[in-house]
Amino acid sequence: MLRYITRRLLILIPTLAAISVVTFIVIQLPPGDYLTTRIAQLSAQGDGSLSAQELERLTQRYGLDQPVYVQYWTWISNILFHGDFGDSFVYGRPVGALLAERLPLTILLSVLTLLFIWAVSFPIGVYSAMRQYSVGDYTFTFFGYLGLAVPNFLIALVLMWVSLQYFGTSVGGLFSPEYRDAPWSMAKFGDLLAHLWIPVVIWGTAGTAANIRVLRANLLDELRKPYVTAARARGMKRGLLTIKYPVRVAMNPFFSTIGWILPGLIAADAITSQVLNLNTTGPLLLDALLAQDMYLAGSVLLISALLVVIGTLISDLALAWLDPRVRLRY
């Protein structure tokens, strides 16, 4: 295991380097740059008064007159040697400051969503497999497909209306208007909890539905294997047998999905966050990509890639701890 971890950590460096290059190139692929996008926006608003001198000044200020490889090296070297992610063109502020403002809320919502997905999908998945083709199984299957099919932003709109209509809770953001700028207190914390369930349920709907289907399918496969039949023939109780062996193997997807859940801590559902007026990193990334804000978009995507690699490593270690068959392959 130690050799495996060391090898994965060594692979991490060239992987991130390659990802950073590809990310920067992809951001540069659309024609033009931030200034051309800005000029198009001004023209659409009826204000095309950006002079040639002003255009030249902004080009030099943002380094857009430099070759792409020079822009890339300036960005990545500042990150590596100074911890500086650069300045955002759109917001006119350091990228690090913008991420520091958005990350805490994004991490809080994502961790709560992860716990919600696991807490709901595990018992339902086990029940559906143990009671295959029952009324409950069909009911959960129907809602599972519904959760996968309906987009999150549509669920957000429905829950916003339900919350306002039946509970009298304003769900724009995570605080009511009277608490947004108020100092922290028990009343403000209670108001946060009253708003928090909506984004958690919305973000967790698709993940919960997918995990239910995967856990159900895996558990059904395990329950049909010869070792289960042999254990039942020896008189082992079905409930104890199921929890001790088949469920343990069928839980592998819960751990293997950490690799794609961790990036969700950074690139949260942008459209749903826009609908719910949440200050997460999702809308930040969306605005950066639309405006070709290469330093902001590149930094968010680079952090997401780092979390993918770290999440995959954590998933592999968790699977090795859970499943001895995986451990022996190392």
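Me: Rings of Phe, Tyr and Trp (its six-membered ring) pair if their centres lie within 6.5 Å, with planes under 30 degrees apart counted as stacked, over 60 as edge-to-face and the rest as tilted. Which residues form one aromatic cluster?

Reply: This is a predicted model, in which local features need pLDDT of at least 70 and side-chain atom pairs count only at pLDDT 80 or more, whereas totals for chains, interfaces and linings use all residues. Residues are numbered from 1 along each chain as its sequence is written, and side-chain values use heavy atoms, with hydrogens and water left out. The one aromatic cluster in question is made up of Phe24, Tyr72 and Trp75.

Me: How many helices does the protein have?

Reply: Helices (H or I, at least four residues) and strands (E, at least two) are DSSP runs, numbered from the N terminus. By this reckoning the protein has 0 strands, and its secondary structure comes to 17 helices.

Me: Is the pair of tyrosine 127 and phenylalanine 140 stacked or edge-to-face?

Reply: The structure holds 7 aromatic pairs. In the pair of tyrosine 127 and phenylalanine 140, the ring centres are 5.9 Å apart and the planes stand at 85°, so the arrangement is edge-to-face. Tyrosine 127 belongs to helix 5 (residues 95-130) and phenylalanine 140 to helix 6 (residues 135-149), so parts that are 13 residues apart in sequence are tied together. The answer for this pair is therefore edge-to-face.

Me: Which helix supplies the largest share of the largest nonpolar core?

Reply: A nonpolar core is a set of buried Ala, Val, Leu, Ile, Met, Phe, Trp, Tyr and Cys residues joined through side-chain atoms within 4.5 Å, where buried means under 20% relative accessible area, exposed over 50% and partly exposed in between (1.4 Å probe, protein chains only). The largest such core has 20 residues, and Phe24, Trp75, Val95, Met294, Tyr295 and Leu296 touch the most other members. Helix 1, helix 4 (68-82), helix 5, helix 15 (281-290) and helix 16 (294-322) each supply at least two residues of this core. The largest share, 6 residues, comes from helix 16.

Me: Which residues does leucine 12 touch, not counting those up to four places away in sequence?

Reply: Leucine 12 is found in helix 1 and is buried, with a relative accessible area of 17%. The C-alpha atoms of leucine 12 and valine 309 are 7.0 Å apart in space, although the two residues are 297 residues apart in sequence. Contact means heavy atoms within 4.5 Å, and the residues that leucine 12 touches are Leu306 and Val309.

Me: Which residue forms a salt bridge with arginine 216?

Reply: A salt bridge is a side-chain nitrogen of Lys or Arg within 4 Å of a carboxyl oxygen of Asp or Glu, and the structure holds 3 of them. In the bridge of arginine 216 and aspartate 137, the closest N and O atoms are 2.9 Å apart; this pair links distant parts of the chain, with arginine 216 in helix 8 (residues 186-223) and aspartate 137 in helix 6, 79 residues apart. Arginine 216 is buried at 10% relative accessible area, and 1% relative accessibility likewise counts as buried for the residue asked for, aspartate 137.

Me: Is arginine 93 buried or partly exposed?

Reply: Arginine 93 forms a salt bridge with glutamate 101, the closest N and O atoms being 2.5 Å apart. Glutamate 101 is partly exposed, with a relative accessible area of 47%. For arginine 93 the relative accessible area is 31%, which means that this residue is partly exposed.
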